[in-house]
Amino acid sequence: MAIYALYHTIENINVYHKYMTFNVDLHVHSKFSGDNDADPEETVLQAIKANLYGLAFTEHYSYEVSEYAEHLREKHAENIKIFRGVEFSSADGHCLVFGVNTDRLSIKNASMEEVVSIVNEKGGVVIPTHPFRGNNSIGESVRNLKGLCAVEGYNGYSHHSQNKKALKIADELNLPFTGGSDSHAPQEVGSCYTEFNTEVTQDNLVDLLKAGEYRGVDIRKISRIWPF
Ligand SMILES: [Zn+2]
Ligand SMILES: [Zn+2]
């Protein structure tokens with residue numbers, strides 16, 4: 001009887017696992033981006049409250065400024081997974097980069113095409129962010145880029161109509177789409193996120209992003225536009 005009960009418990013865990021999603025906010029800023037005063041640990045605590053499986057600190061311009069995340073990752077390992085990337089400013093607009101330390105690459109003032117080519121060669125991935133927000137956004141030129149991993153479909157600081165265009169172009173280009181809050185204050189984390197079907201780890205994040213088995217999600221009731 002006990003064995004039967006145990007078997008059923010294991011089976012139920014497997015069934016549960018099959019339908020479980022792993023929600024990761026792939027686009028988070030803190031005061032280390034230089035354009036806000038968000039304390040990264042407050043953001044982490046808020047993300048835990050919001051039931052996120054993980055979040056990625058993607059500060060503006062530099063990968064290395066998010067060094068603090070290594071300590072937070074250890075400290076909160078029981079409750080949340082913390083990843084690191086960067087929101088790189090290419091000459092054509094912003095893009096998320098994961099899997100490489102962009103500070104060590106010669107890509108200052110590079111076009112997004114050059115960034116994609118160099119990052120891909122090093123084994124990383126590039127995802128244009130808020131492609132239709134206007135400022136710092138690649139817009140229709142995204143069509144000319146080869147080698148993109150995905151397009152950011154849901155951005156928490158873009159208007160729904162702008163995200164809709166991003167989703168449409170991802171579909172046209174046959175690319176997966178991510179979601180990220182683009183949070184610049186702790187309470188904004190998780191407004192948009194990326195839903196993975198597989199457990200995400202430090203080791204497999206880049207491979208999962210390449211594999212494309214995820215989708216962006218927007219849980220905002222009202223959309224708003226980044227004021228700058
Ligand atoms: Zn941006
Ligand atoms: Zn951003």
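Visitor: In which sense do strand 2 and strand 3 pair?
Guide: Happy to start there, bearing in mind that this is a predicted model. Strand 2 covers residues 54–60, and strand 3 covers residues 81–90. One bridge between the two can be picked out by name, with E59 having V86 as its partner in strand 3. Seven bridges join strand 2 and strand 3, and the sense of the pairing is parallel.

Visitor: How many residues of strand 3 are buried?
Guide: Strand 3 has 10 residues and is mostly covered. In the sheet order 5-4-3-2-1-8-9, strand 3 sits between strand 4 and strand 2. The number of its residues that count as buried is nine.

Visitor: Which strands stand at the edges of the sheet?
Guide: Good one to trace by eye. Seven strands make up an open sheet with mixed pairing, and their order is 5-4-3-2-1-8-9. The two edge strands have a single partner strand each, so one side of each is left without a neighbour in the sheet. From one strand to the next the twist averages 30°. The edge strands are strand 5 and strand 9.

Visitor: Why is strand 8 largely enclosed by the rest of the structure?
Guide: Let's look at its partners, then at burial. Strand 1 (residues 22–28) runs antiparallel to strand 8, with three bridges between them, and V24 has T194 as its bridge partner. Strand 9 (residues 214–218) also pairs with strand 8 in the antiparallel sense, over five bridges. Strand 8 is largely enclosed because, of its five residues (192–196), the number buried is four.

Visitor: What is the bridge partner of C192 in strand 9?
Guide: Strand 8 spans residues 192–196, and its pairing with strand 9 is antiparallel. The partner of C192 in strand 9 is D218.

Visitor: Which residues have the most contacts inside the largest nonpolar core?
Guide: In soluble globular proteins, nonpolar side chains tend to be buried together. Here the largest nonpolar core holds 52 residues. V126 is one of those with the most contacts; beyond its neighbours within four places in sequence, V126 touches C95, V97, V115, V116, V119, L148 and C149. The full set asked for is V24, V97, V126, I127 and V151.

Visitor: How many charged residues are there in the contact of helix 2 with helix 3?
Guide: Helix 2 (residues 40–49) packs against helix 3 (residues 68–75) at about 35°, with the axes 11 Å apart, and the crossing is right-handed. P40, E41 and V44 of helix 2 meet Y68, A69 and L72 of helix 3. The contact has five nonpolar residues and no polar ones, while the charged count is one.

Visitor: Is S141 buried, partly exposed or exposed?
Guide: S141 lies in the loop between strand 5 (125–128) and strand 6 (151–155). M112 is 29 residues away from S141 in sequence, and their C-alpha atoms are 9.8 Å apart. A buried residue needs 20 or more C-beta neighbours within 10 Å, and an exposed one has 12 or fewer. S141 has 15 inside 10 Å, so S141 counts as partly exposed.

Visitor: What percentage of the residues of the protein count as buried?
Guide: To finish with the whole chain, the protein has six helices and nine strands. Among contacts with a separation of 6 or more, 68% link residues 24 or more positions apart. Of its 228 residues, the share that counts as buried is 45%.

Definitions and conventions. Residues are numbered from 1 along each chain as its sequence is written. Chains are lettered from A and ligands numbered from 1 in the order in which they are written. This is a predicted model: local features need pLDDT of at least 70, side-chain atom pairs count only at pLDDT 80 or more; totals for chains, interfaces and linings use all residues. A nonpolar core is a set of buried Ala, Val, Leu, Ile, Met, Phe, Trp, Tyr and Cys residues joined through C-beta atoms within 7 Å. Two residues are in contact if their C-beta atoms, placed from the backbone, lie within 7 Å. Two strands pair if DSSP finds at least two bridges between them. Axes are lines fitted to C-alpha atoms, for helices over the stretch in contact, and angles run from 0 to 180 degrees between N-to-C directions. A crossing is left-handed if the near helix is turned anticlockwise from the far one by less than a right angle, and right-handed if clockwise. Ala, Val, Leu, Ile, Met, Phe, Trp, Tyr, Cys and Pro count as nonpolar, Asp, Glu, Lys and Arg as charged, and the others, Gly among them, as polar.
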